[in-house]
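Subject: Structure handover and notes

Dear colleague,

I am passing on the structure below, together with some notes on what was found in it. Please read them with the model open beside you.

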Amino acid sequence: MDTKIGSVDSYSPSNNNLCSPANTNTATHFLPPSTLAAPVATLGSHLARRLVQLGINDVFSVPGDFNLTLLDQLIAEPGLNLIGCCNELNAGYAADGYARSRGVGACVVTFTVGGLSVLNAVAGAYSENLPVICIVGGPNSNDHGTNRVLHHTVGLPDFSQELRCFQTATCYQAVVNNMDDAHEEIDRAISTALKESKPVYISIACNLSAIPHPTFSRVPVPFSRTTRLSNKLCLEAAVEAAAEFLNKAVKPVMVGGPNLRVAKASGAFVELADASGYPLAVMPSGKGLVPEHHPHFIGTYWGAISTAFCSEIVESADAYLFAGPIFNDYSSVGYSLLLKKEKAIIVQPDRVVIGNGPAFGCVLMKDFLHALAEKIKKNSTAHENYRRIFVPEGKPLKCVPKEPLRVNVLFQHVQNMLSGETAVIAETGDSWFNCQKLKLPKGCGYEFQMQYGSIGWSVGATLGYAQAVPEKRVLAFIGDGSFQVTVQDISTMLRCGQKTIIFLINNGGYTIEVEIHDGPYNVIKNWNYTALVDAIHNGEGNCWTTKVFCEEELLNAIQTATGPKKDSLCFIEVIVHKHDTSKELLEWGSRVSAANGRPPNPQ
């Protein structure tokens, strides 16, 4: 059974400037392709139309001599905006952020110097199961195998260093050095990215992009890929075993994890919650994938730093269903979760494990959860227990006039900014823990990079995410240390006319590292961040900056950013004490430190 991605019917071209204001064509993922064939169909134009078919209207790039002709071809496609970024790392992060909203993203860089720069971002996308198409302009096809030494290499006649690096961070690598198999290689790479929900690498020789070929002579057939199906017998057996396991439990619970995204199973997860009456929680890296307005939602399960009363309900349950979990040292708070394998049903995108066994392969999560909802008996015991012990959260201590601003006061007011027309992006650091406590209203987006945890990710990701969903206003929370890594692409946000609100939390260092293991290396040089952003603005585009020291100034800043400056990029530098951290970070840091500091096992 084939599912078509896109159609040759109906197409609305968008601006193809190097960077245009955020595209307002936000139809569902996998938008239709152009019906307008280029005057001469070339390899580059074929690739461009394929990207449009996938729903990609914006490609993030950094020009280099090996990709310039390819960039010409991409610009010529009416459905694509080519967005020039300040560096390859941010271009990759932007493609990551774009993929989180649109389902797939793309970036274009040059050979080796660009490829190795973007590799860190691609590795992050791999860890988060995001299909990012990384396109590299490669050497002239005539130079391969000639024993020549080229620029942008490490000085050896072997051009495969970049390819070998990408082999561990992508699920498919296509090196296009001749026209005869270019069509097949490009399509195979794209289909593999979608099938595996992982990044792919496509290298295109610099002299081939503008060359026509018979395989590109017509508008390409709508892109298709085979739909994955569950094994019917395995699915039935898994559902029967799981239903028996859960129906005999007294107080079962459900917990959603980050792999709900790759399995596209959030809807099926909620369907099971409705049918079962179980309380539902979310792992920290799954926040945003489960609706927090659901009547049985009990918060984030994160071991010792869970939402109040959530861990007590989850860990005291006699059965728990985890849908798409990733248990690493961070999500398990230094391997300290009080869970028992024999009580757990672990549902991964294509596999189900019940207790200590049995395990069922070839079972898709969405199919399993949907079928289980029809077999499960309603049991609201655990949720009733939660309601008995629940006590509403308190509020931060009231600030006296002009008192230095506290982080918990900041996020108290941020909570009031959230709606279905906003999205939250949290940088690695204390923003993880503070943003985790925000209650997301229906439709509010939420993204952070927990598995890879690359500081600076949020600047590029905010650029990409905001470009993908211009109807939402993105609220980005970034620490000063992370911001220093990737600040340059504030420039690109301004060029694209984005209206993000950036909260720069200035506490003078790498606070998350301080709580794991302190040292002088965690103190950074303080910058005048508002002046820096003003300098980047340089009078071009809409930008407003301010610096706040107390609650009164914060409230004025929020009022301005959401009122008179609602159509501008707003940068709010929040000055807080260097030791002002969430209690969750204090607990998490000590436990992760203990896990990192375990002595070697006896030999």
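Two strands are said to pair if DSSP finds at least two bridges between them. With that in mind, and remembering throughout that this is a predicted model, one can begin with Gln173, which stands opposite Tyr201 in strand S7. Four bridges join strand S6, residues 173-176, to S7, and these two strands run parallel. Between them the chain passes from S6 through helix H6 to S7, a β-α-β crossover that is right-handed. S7 also has a partner in strand S5, residues 132-138, to which it is joined by six bridges, again in a parallel arrangement; here Cys134 is the residue that stands opposite Tyr201.

S7 itself covers residues 200-205, and six of its six residues are buried. In a regular strand the side chains alternate between the two faces of the sheet. In S7, Val200, Ile202 and Ile204 point one way, while Tyr201, Ser203 and Ala205 point the other way, and all of them are buried.

The helix of the crossover, H6, runs over residues 182-196; at 1.5 Å a residue its 15 residues should span 21 Å, and because its end C-alpha atoms are 21 Å apart, the two values agree. Its buried residues include Ala182, Ile186, Ala189, Ile190 and Leu194, and also the polar or charged Glu185, Asp187, Ser191 and Thr192. Just after H6, Ser197 takes a positive phi of about 55°.

In soluble globular proteins, nonpolar side chains tend to be buried together. The largest nonpolar core in this model has 81 residues, of which Leu43, Leu51, Ile56, Phe60, Ile133 and Phe483 touch the most other members. H6 supplies the largest share of this core, six residues. Taking Ile56 as an example, and not counting residues up to four places away in sequence, one finds that it touches Leu51, Gly79, Leu80, Tyr98, Val104, Gly105, Ala106 and Ile133. There is also a second, separate core of 43 residues, which includes Leu410, Ala426, Cys570 and Leu585.

Another part of the model worth opening is an open sheet of seven strands, in the order S11-S10-S9-S12-S13-S14-S15, with mixed pairing. Its edge strands are S11, residues 297-300, and S15, residues 359-361, each of which pairs on one side only. On average, neighbouring strands of this sheet are turned by 15° against each other, if direction is ignored. Towards one edge, S14, residues 351-354, is joined to S15 by three bridges, and the two run antiparallel; in this pair Val353 stands opposite Ala359. Helix H11, residues 365-375, packs on the sheet, where it touches S12 (320-323), S13 (344-348) and S14, and its direction makes about 145° with that of S12.

Finally, a single residue that you may like to locate is His151, which lies in the loop between S5 and helix H5, residues 161-166. Is it buried or exposed? Neither word fits, because its relative accessibility of 41% makes His151 count as partly exposed. Leaving aside neighbours within four places in sequence, His151 is in contact with Asp65 and Phe66. Its C-alpha atom is separated by 9.5 Å from that of Thr112, a residue 39 places away along the chain.

With best wishes

How values were computed
Residues numbered from 1 in each chain as written. Predicted model: local features only at pLDDT ≥ 70, side-chain atom pairs only at ≥ 80, totals over all residues. Heavy atoms only, no water. Axes fitted to C-alpha atoms, helices over the stretch in contact; angles between N-to-C directions. Contact = heavy atoms within 4.5 Å. Expected span 1.5 Å × (residues − 1). Buried < 20%, exposed > 50% of the residue type's maximum accessible area, 1.4 Å probe, protein only. Right-handed = clockwise from strand over helix to strand, strands pointing away. Core = buried A, V, L, I, M, F, W, Y, C linked by side-chain atoms within 4.5 Å.
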